[in-house]
Amino acid sequence: MMSAIRGYFFTSPAILAIFITLNSSSQAAVPSQADRQQQSWEQVADAPSQPLTQVNSTSESSDVKPTDWAFLALQSLVKNYGCAGYPNAKFPGNQSITRDEFAHALNACRNRVNELLATTADSDVVKKEDLVNIKKLQQAFQVELAKLWGHDAVAANTPSVPANQSSPTTKPSADKPPELNPKPDANKKQVAENSNAHFQSQVTKLATQIPEKETTVAPIGIKQLTAKTETVAVPVPGTVEMSADKLQPSSPTSDSPVSQAPAIVPPATPTPAKKQKYKFSYLGIGVNFGSGGQTSALGATSFAAFSKFALSPSFSIRPALLVNQNQTVLLPITYNFPISGPGHIDPYIGLGMQSSSPFSSAFTKSDLLLTGGIDYPINSHLALTAGVNLGTFNSSGVGGLLGLAYIFNTAPGLESSTTSAPEPGTTPDQAGVPEPGTTPDQAEKEHHITENWNAHVQGTFIYQDKPGFNALYSGANSLPNTPKHFTYSYSFTGFFGVRLWQSGEFYLDPEISSGITPSDNLIGLAFYPDGEDQKSASLPPLLYMARAFLRQTWNLGGNKTFVESGQNQLAEDVSSQRLVLTVGKLAETDLYGPNQYSGSPRTQFFNYAFLTYGAFDYASNARGYTVGAALEYFLDKWTFRLGRFALTTISNGPTLDWNLLEHYNDAIEIERSYVLAGQTGKLRIMGFHDHAVMASFQDALNQWQANGEVGVPNIANVRNKEQDQYGFGIGLEQSLGRDVGLFVFGSWNDGRTENYSYIDAERSLTTGLSIQGTGWGRPRDTLGLGYAMDGIGSSFRQYLAYGGLGTFVGDGNLNYHPEKVFETYYNLSVTKSTTLGLDFQYLRDPGYNSDRGPVFFGGVRLHFEI
């Protein structure tokens, strides 16, 4: 017990100061028990908020520089909470300060945060990252804070130091021992008596609120002390020693003021009652009994494989596959009514999408799905389920599903009806303290929890408007120069991952997309303004499997690296030296050319130009996906990747050619991470090779000329032999500070053949900036500025000038200039998981033709992900 009390006093200088004061004033007068209780409470409440006093800096400690992590963290606290604590009442923003001066400002911020937490029930009044940073700063400056707390407490409670008594800033004289009980000054005695009388009524009120059981209270980062204590540790009389081994216990006696006046602490804020809810996920099989369906397995008797992935105790995703002569995929999101555990019925209702034959290359019928039912977890391993699914259009019918499921993940979740402030001294989730230079979010991830499964959902809606523009002429593949005021795209994607074995993971991504494009089949531009517009965009919504792949990792050694949980990524620790094999259906751009500042039209730049290397003719079907395999070797700061992927049966077609030995896309990339002038960056070099039955623009011109130049050249007439295409790309991403990032990537291909899978571009240069909104008080907002220019070779130019049509461009004539696009967007953070984006694009020389344009696009994007 005594060691625990000593430990508390060592970490709580404010409480130590109380007992110094009580002891030094005990000879003046013996107050009543209520007065002593009031003094104790008054000192506990007010000691941390005493005025700051200038102290001398410690010459043996280094100053805190403006570039130090601690300086920046404290500067943020001063800005966020107005805690002016620097001795001259002004916190410097561009000059070094001593560690003692730093401790003054830190203490003021600490007191201010404690005050906010104690006076409001709003848990958002203090940012979680600020609590984490205060805790870290306290640890780093504990010596200076201990000295400050001791100096201030004694100075505040001992107004004058007699000549024969030790000063709180000097050691006792060896020649003359300190006077243990100096006589009190009469005026000071009167002040103390008035103070006791003033607070007597408050003490009485507090006494009625103090629970009989132990109640604890502690400031940030200080160990808690129980109010119900039989013995206390007090300083050696006449000294101001701060270390635990210099404190001595005092036994309670009848004439001891301390023993007669146990410390009164304020009552703890009642914690709101929390309602426990049971969260569970499962995989199961059963039977669907259907009626009314003509082309869907939902409306017929069929085998059912179903699942539930609990996103929270209240919301789940429930993918299911129904199979008879047809196949139907169900993808609803449901609300689950709360239960406390196994043995209780768990009702659910929801809506989503259903699609028949989603694995077929042909377009299928999809429509809205309504669902409802019950789950009954028999125990922690098995559950029964019964549900009804109703397709609303396309004669899908209605089906009743009965099945048995295996529960593979369970967890109780806590949901509170009210929000309470975190306890002093803790963060809302007891997060760890980050190392200097890390963010609070990174500190949370240092728990290194390995996930066995996860589930995420994203939804993106993009609206764009195109006014009319000038055009001297138009052709079959021209962008219409008339206004187009309502074009849009939307997509919803589920991301499901499960760990099959150690370091072996499987991912499945069902997706729904649809839209109306500014031009039919995305013609008229090399770089299309909406990267979410698929090359075969259609009005009705379609459900298909975007990704289904296996990832195997072999850790080879080196430092441990924590990979965060996310879409298509289970959280886990991996080695900095490792091999990773990825096999299955995916997007080749998932692996090649990604960078943190561009590459996703769902969250960053809208335009195709910023998706990847512009002249990279990567493998993809009409929706941007392929099948294949890639092997990656991570060697600390280096990454080497090599892959082979399937092309389509015809250029830009919907169906993949699975013969990877005859027709294929090979890609290799080398990546190097580095630090330049204290800022991180990455450099990538990529090369690719396509081998397929492709057409050559020069062959089309030669044939046209051989036929007497009748009509126009046509590459479809010469797409009759296997040919090769080569190209390369260079990419750079560079941090320019905490909130600004730069990206540059250029690419080139030989131009001897048509681009088989991607856009009509043979060389490209793209650059831009991504800027976080910290500078204008919106740290979760993002401003993007980008510029791209792409071009084509001489054979393609001549082909277009003679009236030929490429896959996406062809105006019937050509006044060649490179196509150029300037884009700026602003993402406004609405919630932690939702952003609203505004976008503007200016395109010059659309389709490489300076006789048309320029063109303007304005857009709005709503995106969420959970």
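Q: Are Glu-532 and Arg-602 buried or exposed?
A: In this predicted model, Glu-532 and Arg-602 form a salt bridge, with their closest N and O atoms 3.2 Å apart. Glu-532 lies in the loop between E16 and strand E17 (542-563), and Arg-602 in the loop between strand E18 (572-586) and strand E19 (626-635), so the bridge ties together parts 70 residues apart in sequence. As for their exposure, both Glu-532 and Arg-602 are buried.

Q: Which residue meets Arg-318 in a salt bridge?
A: Arg-318 lies in the loop between strand E7 (315-317) and strand E8 (320-323), and its partner is in strand E11 (residues 366-377), so the pair ties together parts that are 57 residues apart in sequence. Arg-318 is buried, at a relative accessible area of 7%, and the partner, at 0%, counts as buried. The N to O distance is 3.0 Å, and the partner is Asp-375.

Q: Over the ring of which residue does the charged end of Arg-318 sit?
A: Arg-318 has a salt bridge to Asp-375. The charged end of Arg-318 also sits over a ring, 3.6 Å from the ring centre. That ring belongs to Tyr-348.

Q: Which residues are linked in a network of salt bridges with Arg-641 and Glu-669?
A: Glu-669 and Arg-641 form a salt bridge, the closest N and O atoms being 2.7 Å apart. Glu-669 is in strand E21 (residues 664-676) and Arg-641 in strand E20 (residues 638-645), so the bridge ties together parts 28 residues apart in sequence. Glu-669 is buried at 0% relative accessible area, and Arg-641 is buried at 7%. The other members of their network are Glu-632, Glu-671, Lys-682, Arg-684 and Glu-733.

Q: Of the residues in the largest nonpolar core, which touch the most other members?
A: Nonpolar side chains tend to be buried together in soluble globular proteins. The largest nonpolar core here has 56 residues. Strand E22 (679-693), helix H11 (697-706), strand E24 (740-749), helix H12 (794-801), strand E27 (819-831) and strand E29 (855-865) each supply at least two of them. Those that touch the most other members are Tyr-592, Tyr-608, Phe-616, Phe-645, Phe-796, Tyr-799 and Leu-800.

Q: Why do the buried residues of H12 line one face of the helix?
A: In H12, the buried residues are Ser-795, Phe-796, Tyr-799 and Leu-800. What covers them includes H11. Seen down the axis of H12, the buried residues line one face because they fall within an arc of 130°.

Q: Which residues are linked by ring pairs into a cluster with Phe-605 and Phe-610?
A: The whole structure holds 39 aromatic pairs. Phe-605 and Phe-610 form a stacked pair, 4.4 Å centre to centre with 25° between the planes, and both are buried. The other members of the cluster are Tyr-608, Tyr-613, Phe-616, Tyr-618, Phe-688, Phe-743, Phe-745, Tyr-758 and Tyr-825.

Q: Is the pair of Tyr-282 and Phe-306 stacked or edge-to-face?
A: Of the 39 aromatic pairs in the structure, this one joins rings whose planes are at 85° and whose centres are 6.0 Å apart. Planes over 60 degrees apart decide the class, so the angle makes the pair edge-to-face.

Q: How far apart in space are Val-457 and Leu-311, C-alpha to C-alpha?
A: Val-457 lies in strand E14 (residues 453-466) and is buried, with a relative accessible area of 6%. Among the residues that Val-457 touches are Ile-317, Phe-495 and Phe-864. Val-457 and Leu-311 are 146 residues apart in sequence, while their distance in space is 9.5 Å.

Q: Is Ser-503 buried or exposed?
A: Ser-503 is in the loop between strand E15 (484-501) and strand E16 (504-516). Although Ser-503 is not a glycine, its phi is positive, about 70°. A residue under 20% relative accessible area is buried, so Ser-503, at 12%, counts as buried.

Q: Which peptide bond is cis, with omega near 5°?
A: The proline of this bond is in the loop between strand E28 (834-844) and E29. The bond runs from Gly-853 to Pro-854.

Technical notes:
Residues numbered from 1 in each chain as written. Predicted model: local features only at pLDDT ≥ 70, side-chain atom pairs only at ≥ 80, totals over all residues. Heavy atoms only, no water. Helix = DSSP H or I, 4+ residues; strand = E, 2+ residues; numbered from the N terminus. Buried < 20%, exposed > 50% of the residue type's maximum accessible area, 1.4 Å probe, protein only. Contact = heavy atoms within 4.5 Å. Core = buried A, V, L, I, M, F, W, Y, C linked by side-chain atoms within 4.5 Å. Phe/Tyr/Trp six-rings, centres within 6.5 Å; stacked < 30°, edge-to-face > 60°. Lys NZ or Arg CZ within 6 Å of the ring centre and 35° of its normal. Arc of directions from axis to C-beta. Salt bridge = Lys/Arg side-chain N within 4 Å of Asp/Glu carboxyl O. Lists of a residue's contacts leave out its neighbours within four places in sequence.
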